[in-house]
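Here is a short tour of one protein chain, written for someone who likes to check statements against coordinates. Please have your viewer ready.

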Amino acid sequence: MAAYRVTPTFQRVLRAVKHASLRPGCYVISCHAQYSTVYDPNEKTFDKILIANRGEIACRVIKTCKKMGIKTVAVHSDVDSSSVHVKMADEAVCVGPAPTSQSYLNMDAIMQAIQKTGAQAVHPGYGFLSENKEFARRLAAEGVTFIGPDTHAIQAMGDKIESKLIAKAAKVNTIPGFDGVVKDAEEAVRIAQQIGYPVMIKASAGGGGKGMRIAWNDEETREGFRFSSQEAASSFGDDRLLIEKYIDNPRHIEIQVLADKHGNALWLNERECSIQRRNQKVVEEAPSTFLDPVTRRAMGEQAVSLAKAVKYSSAGTVEFLVDSKKNFYFLEMNTRLQCVIVSYRLLIQQVEHPITECITGLDLVQQMIRVAKGYKLQHKQEDVPINGWAIESRVYAEDPYKSFGLPSIGRLSQYEEPVDLPGVRVDSGIQEGSDISIYYDPMISKLVTYGSTRAEALKKMEDALDNYVIRGVTHNIPLLREIIVHPRFISGDISTNFLPEVYPEGFKGHPLKAAEQRELLAAAAALYVAVQLRSQRFLGQQRVSSASQERRNWELCVELDKGVHMLGVSRSGSSYTVEIDGEKVVVSGEWNLASALLPLTINGSLRVLQCLSRNSAGEITLQYLGTSFKVRVLSKLAASLSKHMPEKIPEDTSSILRSPMPGTVVAVSVKPGDTVAEGQEICVIEAMKMQNSMAAAKTAKVKSVHCKAGETVGEGDLLVELE
């Protein structure tokens, strides 16, 4: 298999072709899994569409527009001027500086871009202005088509409070809660006490998990009100909150709907979205392992009824919580093409869902454009299939070891998508050299795999994650890979509490079994020897012509997690036999040390590792089974001498507070000389519109404060020192 591997150079060519030719994204064997690629040239829609968004969704919309023969206009902030979506579009207009309030949320600038370019329609993607009724109203006033629902549906379903009332009137089962707007923290406490803990505090106009907190007591309610209102104001310009009963341990399942302007509506099956962190999806799949045909139809019919009740026309998502007895409760209908989590709204989504496209064969962006132009739906409910199984992993620039994923920033120094693998689709808006900044969502891509069965789709996801090369930023691939191979996930025993239940002490990476540890040690030892041998050769010849015959045996010392292992290594061609604690491990491969991927056959099994770093001191970082492991390989002599080297004394982290992520300091609650208690809030850091409270690790006096409100800080920056 290794002999047919796509080289790094050809990988870059594939990525260039991907963004140039804009071919369909479901790279699968079964033709029915491809979403629609047939477009009727006689069916006229729009000549030019402006995409009021950025990143992967802007790229996704542009791809379909290209296939439909529609010219596209990209809008961008000044820091996004070299972004992929800007390069893909036919035209591009800068709409302001980096902060979203001055660019992607700047309605005046976007309206000017529409007038300047002559765009006939606007696709808003998700987030930003996708559910802003004022933006839709202004477009209508200018005679520009909003590719999404009309202002009435946005108003009705975009507000959680109003949509809950509509759902109740339509006899849809809803979660108990307060139907009005919560005025202040003390009223929030009174309402929470009446409903009964736990409760969910959330932004009325929100989505994407922002402005959302779970409270289990009065103090958490006060704190949740403060953070939720601040996040809601920052993200949506609307700080109104509502409170409802929090249903513990549910599943989050959403139904995709599609409706036209002629009263026709379909449900396009479900997506299981229960694997979440901070109320945002991490892994989703279609269909759900939990639903039977009867429950699926009941949820689908209810979703369609709700869409018709608000005269909805476009692609949308109706979200439900489902308990262990398959009782389901309406959460929200999303007016965007992308899903958020637990709240009351019709998620009238302007973003496509790759896994729904894979199992139905429909291009949802194309369907939205057709509907916006006034065409009737092309399909009947009985035409909508469930063909095969699709899994989606949200790949983020996040550190999964910190609260399951705190944002990471940086430049992608090396980036290779696993597009050469069968059954893999990657929806992204970045490329090698792209910057992940503090201003926008840290999503890198939606990685999708498709198979005729769930087991096949999961195996392809495993392979895709192993072959995904991301350098320059910390990413969540270790967490994604652990999720999809976990026995509970494989069996379908999941809920929205999956991550905290499976990792109660936080995510720690892949726990190595004895056999896996031997594989890792053997791979590190073999790699070390391969590097040593390469350094002795030049143009395929020994550097010193009179050198003695090439060595065949080595005695090495490998350090891993404070453990020291003595290994014997023997070489035969490109194969190495490594003896570890009396066990022999055979490692073979091409040993292309210039490649980001290191495909090896270990005891007959194919493993794809990645060498993230190595140096002359024998320190090697290997990505193995998704997790990065640091090992140190030394010769027997070097190991005997290394014990005389002084050890670095670790920093006393109890007396200092460093920023766990890049972001902006929102508030500082202490000053030098103050005494703080353990767990007391010291400051608040906002990153990607999410606010995080930083607390003292011990009771002590504040020695110095190194930050102030409004400042930008990087990961690891010193914030506060304690005595």
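## Strand 30 and its two partners

In this predicted model, strand 30 and strand 31 (residues 605–614) run antiparallel and are joined by six bridges. If you want a pair to look up, Leu597 stands opposite Gln610 in strand 31. The hairpin of these two strands has two residues between them, and Asn603 takes a positive phi there, near 50°.

Strand 29 (residues 583–589) also pairs with strand 30 (residues 597–602), again in the antiparallel sense, over three bridges. Two of the residue pairs are easy to find: Ser588 has Thr601 as its bridge partner in strand 30, while Gly589 has Leu600. Strands of a sheet pair through backbone hydrogen bonds, whether parallel or antiparallel.

How many residues of strand 30 are buried? Five of its six are, which leaves the strand mostly covered.

## The barrel around them

Zooming out, strands 29, 30 and 31 belong to a barrel that eight strands close in the order 26-27-28-29-30-31-32-33, with antiparallel pairing. On average, neighbouring strands of this sheet are turned by 35° against each other, with direction ignored.

As background for viewing such a sheet, side chains in a regular strand alternate between its two faces.

## Helix 8 and its two ends

Now for a helix. Helix 8 spans residues 185–195, and its buried residues are Glu187, Ala188, Val189, Ile191 and Ala192. An α-helix has 3.6 residues a turn, so residues three or four places apart point the same way. That is a handy rule to keep in mind while rotating the view.

What caps the N-terminal end of helix 8? Asp184 does: one of its side-chain oxygens lies 3.3 Å from the backbone nitrogen of Glu186. After the helix comes Gly196, whose phi is positive, near 100°.

## The chain as a whole

Finally, some totals. The protein chain has 723 residues, and 57% of them are buried. Its secondary structure is made up of 18 helices and 41 strands.

For contacts between residues at least 6 apart in sequence, what share joins residues at least 24 apart? In this chain the share is 63%. The accessible surface comes to about 29,000 Å², and carbon and sulfur atoms account for 50% of that area.

Definitions and conventions: Residues are numbered from 1 along each chain as its sequence is written. This is a predicted model: local features need pLDDT of at least 70, side-chain atom pairs count only at pLDDT 80 or more; totals for chains, interfaces and linings use all residues. Side-chain values use heavy atoms; hydrogens and water are left out. Helices (H or I, at least four residues) and strands (E, at least two) are DSSP runs, numbered from the N terminus. Buried means under 20% relative accessible area, exposed over 50%, partly exposed in between (1.4 Å probe, protein chains only). Contact means heavy atoms within 4.5 Å. Accessible areas come from the Shrake-Rupley method with a 1.4 Å probe; for residues, only the protein chains shown count as cover. A polar contact is a pair of N or O atoms within 3.5 Å; within protein, one must be able to donate a hydrogen and the other to accept it, and residues adjacent in sequence count only if both atoms are side-chain atoms. Two strands pair if DSSP finds at least two bridges between them. Axes are lines fitted to C-alpha atoms, for helices over the stretch in contact, and angles run from 0 to 180 degrees between N-to-C directions.
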